[in-house]
Amino acid sequence: MTVPVDHAVGQGVTEALRVRVRRGDAVAEYVVPRRANQTVLDVVTEIQRDQDPTLAYRFACRVGMCGSCGMTVNGRPRWTCRTRVAAVAPDGMLSLEPLRNLPVVKDLAVDMEPFFEKWRRAHGYFEPGENPPDDFATVEPDSPARQEVDAGIECINCGVCYAACDVVTWNPDYLGPAALNRAWTLVNDVRDQDRDGRLAAVAGDAGCHSCHSHMSCTEHCPKGLSPTFSIAGLKRETGKAALRRFWRRG
Ligand code: SF4
Ligand code: SF4
Ligand code: FES
């Protein structure tokens, strides 16, 4: 659907934004007024509310916490609630597509199930063991292990890194940057009781050693995390674990 510019531009608004939205096999075009401090998510919401209520997309918090608003914006995966139109569409042209590497549910909404299934495969959940202590376990904030994962624990599961990773595209079985980053935070958690199991889970063909270290995930992560760094740590630790097994056998 295309709305004439004169119609779309309201009082006090002098410019229009031309928006192309991938909707299955088709591309729909809209014209939306440009507004001060407008985010990409604001634009999608305005289209859905004022022009086409059938447009499907996903968001929840609008403040960069829930990780649900990821889309491909002018060719790059981004969180849309914290992406200002002025920063990504200076020429007034906006192209929106669903995140890459995930099945599309409808329009801009993708199915995150394969993404979270890989968290499970990477043992991306805390394992307290059979007899967890009654009291709170202590993690020393200055310990090397805690420092190692300092940035990694801020992940909001947005899937932006997953969409940016070419290895996921080539090998859909590859665990991907977010699940491996999560595994790295747990490998360094002194309270966790599944270190060996987790290292074994990420060492296989579709695990950390498939990473090509080209850093696309790190470049695109909106939280400034470095899954590449985490994966390098996993490569190191899985290598040490293999050596330990070798010497035990010998
Ligand atoms: S560094 Fe590894 S995980 Fe990150 S985008 Fe490249 S191949 Fe994917
Ligand atoms: S590592 Fe960054 S880009 Fe990847 S899911 Fe977490 S917050 Fe999103
Ligand atoms: S809507 Fe929650 S992170 Fe964007």
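How many nonpolar, polar and charged residues are there in the shell around ligand 1? By class, there are nine nonpolar, five polar and no charged residues. (Ala, Val, Leu, Ile, Met, Phe, Trp, Tyr, Cys and Pro count as nonpolar, Asp, Glu, Lys and Arg as charged, and the others, Gly among them, as polar.)

Before going on, a word on what you're looking at: this is a predicted model, in which local features need pLDDT of at least 70 and side-chain atom pairs count only at pLDDT 80 or more, while totals for chains, interfaces and linings use all residues. Residues are numbered from 1 along each chain as its sequence is written, and chains are lettered from A and ligands numbered from 1 in the order in which they are written.

Let's start with the sheet. Five strands make it up, in the order 2-1-5-3-4; the sheet is open and its pairing is mixed. Strands here are DSSP runs of E with at least two residues, helices are runs of H or I with at least four, and both are numbered from the N terminus. Two strands count as paired if DSSP finds at least two bridges between them. Strand 2 (26-33) and strand 4 sit at the edges with a single partner strand each, so one side of each has no neighbour in the sheet. On average, neighbouring strands are turned by 35° against each other, direction ignored. (Axes are lines fitted to C-alpha atoms, for helices over the stretch in contact, and angles run from 0 to 180 degrees between N-to-C directions.)

At one edge, strand 1 (residues 16-23) pairs with strand 2 in the antiparallel sense over eight bridges. You can follow the register by eye: L17 has V32 in strand 2 as its bridge partner, and R18 stands opposite V31. The hairpin of these two strands has two residues between them, and G24 takes a positive phi near 65°.

At the other edge, strand 3 (residues 70-73) and strand 4 (residues 76-79) run antiparallel and are joined by four bridges. They too form a hairpin with two residues between them, where N74 in the turn has a positive phi of about 45°. V73 is a handy residue to look at: its bridge partner in strand 4 is R76, and in strand 5 it stands opposite L96. Strand 3 and strand 5 (residues 93-97) run antiparallel, with two bridges between them. G70 and T72 point one way from strand 3, M71 and V73 point the other way, and all are buried. (Buried means that 20 or more other C-beta atoms lie within 10 Å of the residue's own, exposed means 12 or fewer, and partly exposed is in between; C-beta atoms are placed from the backbone.)

Now for helix 2. This helix (residues 40-50) packs on the sheet, touching strand 1, strand 2, strand 3 and strand 5, and its direction makes about 100° with that of strand 2. (A contact means C-beta atoms, placed from the backbone, within 7 Å.) The buried residues of helix 2 are V40, V43, V44 and I47. They cover an arc of only 95° around the axis, which puts them on the same side of helix 2; the arc is that of the directions from the helix axis to the C-beta atoms. What they pack against includes helix 3 (85-88).

Back to the ligands. Of the 14 residues around ligand 1, C165, P177, C211, S216 and C217 come nearest; being near means having a C-beta atom, placed from the backbone, within 6 Å. Helix 10 (216-220) and helix 11 (227-249) are the elements that give two or more residues to this shell, and helix 11 has the largest share, three residues.

Ligand 2 also has 14 residues around it, of which C155, C158, C161, A178 and C221 come nearest. By class, its shell divides into 10 nonpolar, three polar and one charged. Helix 6 (160-164) and helix 8 (177-187) each supply at least two residues, and helix 8 gives the most, with three.

Helix 8 itself is mostly covered, with 11 of its 11 residues buried. Those residues pack against helix 4 (113-121), helix 6, helix 9 (195-202), helix 10 and helix 11.

Last stop: N171, in the loop between helix 7 (166-170) and helix 8. N171 is partly exposed because 14 other C-beta atoms lie within 10 Å. Leaving aside residues up to four places away in sequence, N171 touches A206 and S210.

Terms used
Two residues are in contact if their C-beta atoms, placed from the backbone, lie within 7 Å.
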